[in-house]
Protein chains: 2
Amino acid sequence: MTISEENYIKVIYHLSLVSPKGVNTNAIAGMLDTKASSVTDMMKKLSDKDLVSYQKYQGVTLTDKGLHSAKMIVRKHRLWEVFLVDKLGFSWDEVHEIAEELEHIKSEQLINKLDAFLGFPVADPHGDPIPDAKGVIKKIEKQLLSEVEINASFHCVGVKDSSTDFLKYLDKQKIALGSIVKVIDKEDFDDTLTVEIDGKRLTISNKIANNLYVQ
Amino acid sequence: MTISEENYIKVIYHLSLVSPKGVNTNAIAGMLDTKASSVTDMMKKLSDKDLVSYQKYQGVTLTDKGLHSAKMIVRKHRLWEVFLVDKLGFSWDEVHEIAEELEHIKSEQLINKLDAFLGFPVADPHGDPIPDAKGVIKKIEKQLLSEVEINASFHCVGVKDSSTDFLKYLDKQKIALGSIVKVIDKEDFDDTLTVEIDGKRLTISNKIANNLYVQ
DNA sequence: ATTTATTTTTAGACAAAACTAAAAATAAAA
DNA sequence: TTTTATTTTTAGTTTTGTCTAAAAATAAAT
C-alpha cells in the first residue's frame, strides 16, 4: 500500500463514521484537497485491490480488508500522538501533522512495541480511542458538555474539534483532559454555560461546550 | 526534498567518505539498486537544486547545502536507531530497515526533542557517530581489533560491517558494545586471534577482528 | 415531467522517478 | 596510438498520482 492509498483509506474510514451507507467522491476530494476525478481514479485502484467496494455514482464503502487497514493506520496515528505528547513533550495542538507522516511507517512490530512502551493507552491526546493490535476499538463513554445536566460534575475526556485554534483556547483556559468540570448554570437565550473547571469559575459559549466531551 | 532525493543525497554522502574527490554514477546506482541512467537524471535535478556539484562524466560531490542535508538525514537515522534499541527493545540487527523509513520524517523539532529524550547520544547502536543539531560529528577514537597490539585490553565501541549476519554472530558470542576485549595471542599464519571477551576465552577469525572496532 | 443544477466519470495530458536500448565519452589494453 | 572495454549519458517509454475539460449520470427544481 502506498502512502497515497493509505491516505484515501483513512479518509474513507473517517467519513464512513458519519455516512456509513457510502461515502461520496466530492467529500473524499474535499478532505484530501484533491479533485473528484483523482478520487474516481483511486477508487478503481482500491477496488481492484479489494480495499473498497465501489460502483459508479453510488459512493464507496470499505471492505473488511479496507476497514482493517484503516484501523491500523488510525492506530499508528494515535499511538504516535501519544508518544509525541507523553514522551517528547509536544503539546496536543502540535502533534497531528507529525503523526500524519509517522502513521505511514510500515513495521507492525514497531507499532506493537511502541504500544507496549506507551503502556497500551486507550486514547490519544485528544481523547480519541486507539484501536488495539486486532483492530478492536474500546468505546469511550462520553457526552458533549453542551448536552449535560446542570449541577453535576464530570471530567473532561476528549475534544470533538481538534483544530489548533480550539486546542489553544483550551490551553489558555487551563482546560485539559482530566480536568473536573461542573456546570453551574445555563443561559436560556444562547446556551452559554457558567462552569467551574478545576475549581475556577468560567463562562463558556455553546460552540465551546459543543466541542468538549465529558464523562 | 522528496524521499528519493534524500536517499540519493545520503548515499552520495556515504560514498564521499571513501572517495572524496567525486562519487561515480555506477557506485550510486549500485547502492540504491537502480540503473546508472536513473542516477544521471537525478544528478541533474540535485544539481539544479544546488545539493550536488555535478559535471558530466566527472562524478559528483555534495555542496555545502547537500552535505548539511546529508548529515541531518544521518542524524535522524541514527537517533531513531537509538530509540528503537534503547526504548523499544529492538536488537541491533533489526533497526536499520525501520530507521530507513523514519529518517524521512520531516519535523526538525521532532528530531531535536527525540535527541533530548534519548539523552543526546553520541553514537548509534552500531557505534557510528550521531551528528548534532548543527551537523557537527564528534569523532570517536577507535581501532580495528585486527590492528591492535597483543596483551592489551580494550572495549568494544563499534562495528564496521553492520550486516545482520555479523551482528547475529556477535550476539551468539555475547559480544556487545561495551564488552571488554583482551587480545591474548595472534596466529601468524592466518591472523586468527585468541581473545578474552568479558572474561571468556574465544578464537576469532581475522575477518571478524577486521570488522570490530575497539578503543 | 421536463428542465436545470450538481455530482461523478471519462478522456487526454503532465510531472516524478524509474526503466531499456542506443550513443557518446572516458579509461584500459594491445 | 589505435583498438577494445567500460562507464556514463541521451532518447524514448512506463507507472503512479495528479490535473483540466468535456461528457454522462444523478438529484433538485420548476
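Leaving aside its neighbours within four places in sequence, which residues is A:Ser146 in contact with? The model is predicted. In it, A:Ser146 is in contact with A:Lys186, A:Asn206, A:Ala209 and A:Asn210, once those sequence neighbours are set aside. The residue sits in the loop between strand S3 (143-144) and strand S4 (153-159) of chain A. Its relative accessible area is 11%. Buried means under 20%, so A:Ser146 counts as buried.

The loop between S3 and S4 of chain A also holds A:Asn151. Here the accessibility reads otherwise: A:Asn151 is exposed, with a relative accessible area of 55%. Its backbone deserves a look too. Phi of A:Asn151 is near 75 degrees, a positive value in a residue other than glycine.

Chain B offers another positive phi. That of B:Asp191 is near 60 degrees, and this residue is not glycine either. B:Asp191 belongs to the loop between strand S5 (180-186) and strand S6 (193-197) of chain B. It is partly exposed, at a relative accessible area of 32%.

Now turn to the aromatic rings. Over all chains, the structure holds seven aromatic pairs. One of them is formed by A:Trp80 and B:Trp80. Their ring centres are 5.9 Å apart, and the planes stand at 85 degrees, an edge-to-face arrangement. Which helices do the two residues lie in? A:Trp80 lies in helix H4 (residues 64-87) of chain A, and B:Trp80 in helix H4 (residues 64-87) of chain B, so this pair joins two chains. A:Trp80 is buried, at a relative accessible area of 1%. B:Trp80 is buried as well, with 1% relative accessibility.

A further pair brings together A:Phe83 and B:Phe117. The centres are 6.1 Å apart and the planes meet at 80 degrees, so this pair is edge-to-face. It also crosses between chains. A:Phe83 is in helix H4 of chain A, while B:Phe117 is in helix H6 (residues 108-117) of chain B. Are the two rings' residues buried or partly exposed? A:Phe83 has 0% relative accessibility and counts as buried. B:Phe117 has 22% and counts as partly exposed. The cut-off for buried is under 20%, so B:Phe117 does not meet it.

These rings belong to a wider network. Ring pairs link A:Trp80, A:Phe83, A:Phe117, B:Trp80, B:Phe83 and B:Phe117 into a cluster.

Charges meet rings across the chains too. A:Lys113 lies over the face of B:Phe90, at 4.9 Å from the ring centre. In the other direction, B:Lys113 lies over the face of A:Phe90, again at 4.9 Å from the ring centre.

Next come two helices of chain A. The axes of helix H1 (residues 3-18) and helix H2 (residues 25-32) come within 10 Å. They cross at roughly 120 degrees. The crossing of H1(A) past H2(A) is right-handed. Which residues meet there? From H1(A) come A:Asn7, A:Tyr8, A:Val11, A:Ile12 and A:Leu15. From H2(A) come A:Ala27, A:Ile28, A:Met31 and A:Leu32. By class, this contact has eight nonpolar residues, one polar and no charged ones.

Take A:Ile28 from that set. It is found in helix H2 of chain A and is buried, with a relative accessible area of 1%. Beyond its neighbours within four places in sequence, A:Ile28 is in contact with A:Tyr8, A:Val11, A:Ile12 and A:Leu15, among others. Those four are also among the H1(A) residues that meet H2(A). The contacts of A:Ile28 further include A:Val23, A:Val39, A:Met43 and A:Val60. How far is its C-alpha atom from that of A:Ser38, ten residues apart along the chain? The separation is 10.0 Å.

Finish in chain B, with B:Leu212. This residue is found in strand S8 (residues 212-214). At 0% relative accessibility, it counts as buried. Leaving aside neighbours within four places in sequence, B:Leu212 is in contact with B:Gln143, B:Leu144, B:Leu145, B:Cys156, B:Gly158, B:Val159, B:Phe166, B:Leu170 and B:Ile175. B:Ile175 is 37 residues away along the chain, and the C-alpha atoms of B:Leu212 and B:Ile175 are separated by 10.0 Å.

Technical notes:
Residues are numbered from 1 along each chain as its sequence is written. Chains are lettered from A and ligands numbered from 1 in the order in which they are written. This is a predicted model: local features need pLDDT of at least 70, side-chain atom pairs count only at pLDDT 80 or more; totals for chains, interfaces and linings use all residues. Side-chain values use heavy atoms; hydrogens and water are left out. Rings of Phe, Tyr and Trp (its six-membered ring) pair if their centres lie within 6.5 Å; planes under 30 degrees apart count as stacked, over 60 as edge-to-face and the rest as tilted. Buried means under 20% relative accessible area, exposed over 50%, partly exposed in between (1.4 Å probe, protein chains only). A charge sits over a ring if NZ of Lys or CZ of Arg is within 6 Å of the ring centre and within 35 degrees of the ring normal. Axes are lines fitted to C-alpha atoms, for helices over the stretch in contact, and angles run from 0 to 180 degrees between N-to-C directions. A crossing is left-handed if the near helix is turned anticlockwise from the far one by less than a right angle, and right-handed if clockwise. Contact means heavy atoms within 4.5 Å. Ala, Val, Leu, Ile, Met, Phe, Trp, Tyr, Cys and Pro count as nonpolar, Asp, Glu, Lys and Arg as charged, and the others, Gly among them, as polar.
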